[in-house]
Amino acid sequence: LIVHSSRKCNTHIPRSISLSLSNHLQRPRSSTSSSSSSFFFLTCSSTRLGVFDHIQEMENPPDQTEAKQIQPNGGKRTKGGIITMPFIIANEAFEKVASYGLLPNMILYLIRDYRFGVAKGTNVLYMWSAASNFTPLLGAFLSDSYLGRFLTISIASLSSFLGMVLLWLTAMLPQVKPSPCDPTAAGSHCGSATASQLALLYSAFALISIGSGGIRPCSLAFGADQLDNKENPKNERVLESFFGWYYASSAVAVLIAFTGIVYIQEHLGWKIGFGVPALLMLVASLLFVLASPLYVTRGVTKSLFTGLAQVVVAAYKKRKLSLPDHHDSVDCYYHMKDSEIKAPSQKLRFLNKACLISNREEEIGSDGFALNPWRLCITDKVEELKALIKVIPIWSTGIMMSINTSQSTFQVLQATSMDRRLSRHGSSFQVPAGSFGMFTIIALATWVVLYDRAVLPLASKIRGRPFRLSVKLRMGLGLFMSFLAMAVSAMVESFRRNKAISQGYGNNPNAVVDISAMWLVPQYVLHGLAEALTAIGQTEFFYTEFPKSMSSIAASLFGLGMAVASLLASVVLNAVNELTSRNGKESWVSDNINKGHYNYYYWVLAIMSFVNVIYYVICSWSYGPLVDQVRNGRVNGVREEEELLDIVGKGYEKEDLSAVTKAN
């Protein structure tokens, strides 16, 4: 621990701390430890580093699993940490079991009970998926700016429960959906759903989407709040492990949904199949609320998006001003006293004018606050907007992968037309068509466990130092896996379709082709690996690149990409349907799976995915180094030189210090 002594400091350091400093300085440095974990660089003149906070942490090392609050009686109460994880993860897991359990067979429910066609039913599900992934952005905004994460999750859980109850009522009450009818019977005239019946169905979808919008972005960030500690040198590893295990637990929940809930729906009917998810959602809500005294809660910032809009307006109003020399400009920018950002970064410099002080007397009041935030913004807001703009290109690369994973409707229809028995010899059990998505979840969870518990430890042992795949590399590999998944899907569908035609089922879409549905497993596995690499990678990327005040926004961005993907998937589907059905031709996405060409449709998505991989390489290269890379580079470079300067004095020039650094 090096204490900067270039200025006189009036702060009294207790004797016990002085002894600790002395012992630390005399302790030989490990050749394998990084300078960031060996030194705390404290300046007496810097208020933001908090000397006594670091002293207290050295005497009482921070545990990344705890947060302490002072009680009125003077005692300390532990909040946050591992004890909160079962309640937070259980709420997220039960919500996923409930909501995802409704998705796989929903196309069959819409086709059989509401008499939707394949294209219409698929588009309805795309819109529902888009709503469920757009609302997290709204939920993140309300959470960060007004309600806080705990209250947002609580309200969202109630909304999701009410939506599932409404959906359950559509199965329980015959009058809220079209009357039973056999469209194949001679002379039958099956009516479609009325406006009021559709309104009830869509209301159920809307309430479930609102619930998802509040739970999904906030739950991940709320869990990270219980563990996050920036001062801990192992914090990055703790968060990486948390993100992985959190995603794995969610994946297990989805696995249960794709197996247990889907099985109940297929064998016990929609009444029980929709009632069980509603009951699980009720349990999830109660568990989360009952643990409220244990949580660490963070304050909200008033109107986050308004603050970002103020940056744009202020930068435009001051567009004619000239920016000062960045080497000597800290006092020219408006920032809070306790802010870690004294001056804005040099990227997207035109936004720096938003926090540039042109006339201190006219722009800043006696209390130190800006008189007009639409003309002068703090540096933190400027950097928040920069971070958001900067990640947009990389964020957009994940949309194509989400389009590929949203093709579950066609995969369910494929599985329905294939032999779903586990074994053709003596086995009568059939895997439900909607349950094949479990192979995606199994692949995802398996990769997370192997990566965290086998790949990283083994690679670190071989290299003799900590090893991890960079988040950029993981995202790129995931996008390539997504391309492979669509290529395999196209080849398998070509094989299935040719087999169906050769067996004389060209005009019978309900016939079961003599081909095992296990041929679908490889594409599901590739989708799982793609999601494990890209989805987890993007979530970690957004969370670490964004300021802390935008953590919920960071957690919701991947979901926003899925929402955009659902809309674009609908556009692509409608375009393919329109273009290929002209002049009386059979559409590639025909209701008759054996007459259509789902394989051609998959090849279109595969080509788009390959182009997306190239696009990602360009975006990744242009993004530059990550925040952690910049921080580690400074710790291992500039800060180490500053520390050595304090040890050896001022007799060294910068060129000399490089040799001293190397020798040290």
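**Close-up 1. Gly148, right after helix 6, in this predicted model.** Gly148 follows helix 6 and has a positive phi, near 85 degrees. The helix itself covers residues 118-147, and its 30 residues should span 44 Å at 1.5 Å a residue. The end C-alpha atoms of helix 6 sit 40 Å apart, which agrees.

**Close-up 2. Arg115, in the loop leading from helix 5 to helix 6.** Here's a positive phi in a residue other than glycine: Arg115 comes in near 60 degrees. Most residues other than glycine have a negative phi. Arg115 lies between helix 5 (106-113) and helix 6, and it counts as partly exposed because its relative accessibility is 24%.

**Close-up 3. Asn583, in the loop between helix 18 and helix 19.** Asn583 also isn't glycine, yet its phi is positive, near 60 degrees. The flanking helices are helix 18 (551-580) and helix 19 (598-623). With a relative accessible area of 76%, Asn583 is exposed.

**Close-up 4. Helix 8, with a bend at Ser219.** How far apart should the ends of this 33-residue helix be? For residues 195-227, 1.5 Å a residue gives an expected 48 Å, and the end C-alpha atoms are 48 Å apart, so the two agree. There's still a bend of about 35 degrees at Ser219. Helix 8 is mostly covered, with 24 of its 33 residues buried. Cys218 has 0% relative accessibility, so it counts as buried.

**Close-up 5. The largest nonpolar core, seen around Leu167.** This core has 64 residues, and Leu167 is one of those with the most contacts inside it, a group that also includes Leu102, Met106, Tyr114 and Phe242. Helix 8 gives the most to this core, with 11 residues. At least three residues come from each of domain 1 (79-178 + 193-301) and domain 3 (391-652). Leaving out residues up to four places away in sequence, Leu167 touches Leu102, Met106, Leu201, Ala204, Phe205 and Phe274. A second, separate core has 46 residues, among them Ala140, Ala565, Val589 and Ile593. In soluble globular proteins, nonpolar side chains tend to be buried together.

**Close-up 6. Cys377 and Cys355, two cysteines without a bond.** Why is there no disulfide at Cys377? The closest cysteine sulfur, in Cys355, is 7.9 Å from the sulfur of Cys377, which is too far for a bond; the cut-off is 2.5 Å. Cys377 is buried, since its relative accessible area is 4%. Searching the whole structure turns up 0 disulfides.

Terms used: Residues numbered from 1 in each chain as written. Predicted model: local features only at pLDDT ≥ 70, side-chain atom pairs only at ≥ 80, totals over all residues. Heavy atoms only, no water. Helix = DSSP H or I, 4+ residues; strand = E, 2+ residues; numbered from the N terminus. Expected span 1.5 Å × (residues − 1). Bend = angle between axes of the 7 residues up to and from the residue. Buried < 20%, exposed > 50% of the residue type's maximum accessible area, 1.4 Å probe, protein only. Core = buried A, V, L, I, M, F, W, Y, C linked by side-chain atoms within 4.5 Å. Domains from an automatic or database assignment. Contact = heavy atoms within 4.5 Å.
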